[in-house]
Amino acid sequence: MRDVLPQLLGWWREGRPVAMGTVVATWKSAPRQAGAAMLVGPDGEAVGSVSGGCVEGAVYELGEQVLGGGRPVLQRYGVSDDDAFAVGLTCGGILDVFVEQVDPATFPDLDEVADDVEAGRPVAVATLVEHPDPDRVGARIVVRPQDADTPTRGSLGSPRFDAAVTDDARGLLAAGRTETLGYGPDGERRGEGARVFVSSYAPRPRMIVFGAIDFAAALARIGTFLGYRVTVCDARPVFATRSRFPDADEVVVSWPHRYLAAEAEAGRIDRRTVLAVLTHDPKFDVPVLQVALRLPEVGYIGAMGSRRTHEDRLARLRDAGLTDDELTRLSSPIGLDLGARTPEETAVSIAAEIISTEWGGTGDRLTETAGAIHRH
C-alpha cells in the first residue's frame with residue numbers, strides 16, 4: 001500500500017470510494033512481493049501494480065465488481081490455474097490478491113496510518129482476508145508498538161482474536177516483516193479457517209557487527225534471517241570485503257567508533273538497533289564501546305571475549321570515564337550459555353540473547369518455567 005498511499009489518501013479525503021487489490025501471499029517466482037497494491041480509482045483510473053502486468057486486468061475487473069457493491073474478494077492466481085493462464089500469469093508464480101473497497105467508512109484510520117508512515121513511526125495494518133463468516137472479511141485493526149500513545153485501533157470481531165493478532169503483529173512489526181497469518185475462527189493459533197494479512201510499515205531494525213571475523217559472518221547470516229538490516233564494519237579493508245560477508249546488507253571499511261558516532265549523528269541508530277562488538281581487540285573495542293554505551297537509545301550492546309577479557313575491558317572503560325550505570329548496558333561476555341563452540345553456534349547464542357532482551361525472556365528452559373510464554 002505504501003507505493004499507492006498518496007493517491008489513495010487523496011481520494012479517501014474526498015470521500016470517494018476506491019477499490020484496492022493487495023498481494024497478501026506469494027509462492028515460487030511471483031513478480032511482486034506481499035504488500036504490493038493496485039488501485040481502481042473512482043473514475044476508473046488504474047494506479048500501481050500487483051504482478052508487473054500479468055494479472056492486472058483480472059484484478060481491475062474484480063475492483064470494478066467490489067466498487068459496484070460486491071463483497072471483498074480473496075483471489076488466487078497460479079500457473080496451474082486455467083484462469084491464471086487466461087489472464088497471462090505465465091511466470092510460474094502463485095499469488096493471492098485481496099480486493100476491497102477503501103473509503104472513510106471501511107478504513108477510518110487511514111489518515112493516521114499515513115501520518116505514521118510519513119513520519120517513519122512503526123505501524124501495522126492487520127486485515128481479515130479469509131473467514132468462515134463472510135460479513136467479517138475485510139475487518140481490520142491498526143497495531144502500533146506497546147509504548148505508542150494509541151497502540152491499537154479497530155477490531156477483527158472478538159477480543160480474543162484482537163489480542164492474538166495484536167501480539168503477533170507487534171512481533172512482525174518489530175522485525176519489519178509483512179506476512180499472512182493463519183488462525184481459527186476466533187483467533188486460535190492452532191486453528192484453521194481464518195487468515196489475517198499483516199502489513200508492516202517500519203524500516204528493518206539494524207544489526208551492526210563490528211569486527212570482520214568468521215563469527216561476524218555467522219552472525220550476519222542469522223541476523224538477516226531474523227529480519228535485521230545487517231552492517232559489518234571493520235577498519236581493515238583486507239578483511240572487510242563483500243565476498244567474506246555475502247549475507248550482510250553492507251560492509252563498511254571504517255574505524256568502528258567513527259562509523260558508529262557518524263550513524264548516531266545522522267539519526268540512523270534507534271531503540272531497535274543491536275550492536276555486536278566482535279573485534280576482540282582493545283584498540284577497537286574500547287573506543288566503539290565508549291560511543292555505544294553513551295547512546296541515548298539502543299536495543300542491545302554486546303561484546304565478545306573471555307571473562308578475563310571482559311574484566312580487562314571493564315577496567316579500560318572505567319579508566320576512560322564510563323560510569324557503572326553506563327556499564328550495566330553492556331552484555332559481556334556476549335550471548336546466552338548454550339555451550340556454543342562454532343561460529344554458527346555462537347551466533348545462535350548471541351541471537352538468543354538479543355531476542356531475550358527484546359521480549360523480556362529469561363533464557364530458561366520453558367519446561368522448567370510456568371505461566372504465559374509470550375509476555376507482550
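Helices are DSSP runs of at least four residues, numbered from the N terminus. The structure described here is a predicted model. This briefing covers an open sheet of five strands, two nonpolar cores and a selection of the 28 salt bridges.

**A salt bridge within one helix**

- Arg 316 and Asp 312 form a salt bridge in which the closest N and O atoms are 2.8 Å apart.
- Both residues belong to helix α9 (residues 307-319), and because they are four residues apart there, about one helical turn separates them.
- Arg 316 is partly exposed, with a relative accessible area of 39%, and Asp 312 is partly exposed at 36%.

**Other salt bridges**

- Asp 116 and Arg 144 meet through their side chains in a salt bridge of 2.6 Å, N to O.
- Asp 116 lies in helix α4 and Arg 144 in the loop between β7 and β8, so this pair ties together parts that are 28 residues apart in sequence.
- Asp 116 has a relative accessible area of 7% and is therefore buried; Arg 144, at 5%, also counts as buried.
- A network of salt bridges with shared partners joins Glu 112, Asp 116, Arg 121, Arg 144 and Arg 153.
- A further salt bridge links Arg 268 to Glu 263, with 2.9 Å between the closest N and O atoms.
- In that pair, Arg 268 is partly exposed at 46% relative accessibility, whereas Glu 263 is buried at 7%.

**The open sheet and its helices**

- The five strands follow the order β8-β7-β6-β10-β9, with antiparallel pairing.
- Strands β8 (152-155) and β9 (179-183) are the edges, each pairing on one side only.
- On average, neighbouring strands of this sheet are turned by 20 degrees against each other, direction ignored.
- Strand β7 (residues 140-143) is joined to β8 by four bridges, and Arg 140 has Ser 155 as its bridge partner in β8.
- Helix α4 (residues 110-119) lies across β6, β7, β8 and β10, at about 135 degrees to β6.
- Helix α5 (residues 159-175) packs on the sheet and touches β6, β7, β8, β9 and β10; its direction makes about 40 degrees with that of β10.

**Nonpolar cores**

- In soluble globular proteins, nonpolar side chains tend to be buried together.
- The largest nonpolar core has 26 residues, of which Met 207, Val 209, Leu 219, Phe 245 and Leu 278 touch the most other members.
- Elements giving two or more residues to this core include β11 (206-210), β12 (229-234) and α11 (343-359), while α6 supplies the largest share, six residues.
- Another core, of 23 residues, lies apart from this one, and Val 298, Ile 301, Ala 303 and Leu 330 are among its members.

Definitions and conventions
Residues are numbered from 1 along each chain as its sequence is written. This is a predicted model: local features need pLDDT of at least 70, side-chain atom pairs count only at pLDDT 80 or more; totals for chains, interfaces and linings use all residues. Side-chain values use heavy atoms; hydrogens and water are left out. Two strands pair if DSSP finds at least two bridges between them. Axes are lines fitted to C-alpha atoms, for helices over the stretch in contact, and angles run from 0 to 180 degrees between N-to-C directions. Contact means heavy atoms within 4.5 Å. A nonpolar core is a set of buried Ala, Val, Leu, Ile, Met, Phe, Trp, Tyr and Cys residues joined through side-chain atoms within 4.5 Å. Buried means under 20% relative accessible area, exposed over 50%, partly exposed in between (1.4 Å probe, protein chains only). A salt bridge is a side-chain nitrogen of Lys or Arg within 4 Å of a carboxyl oxygen of Asp or Glu.
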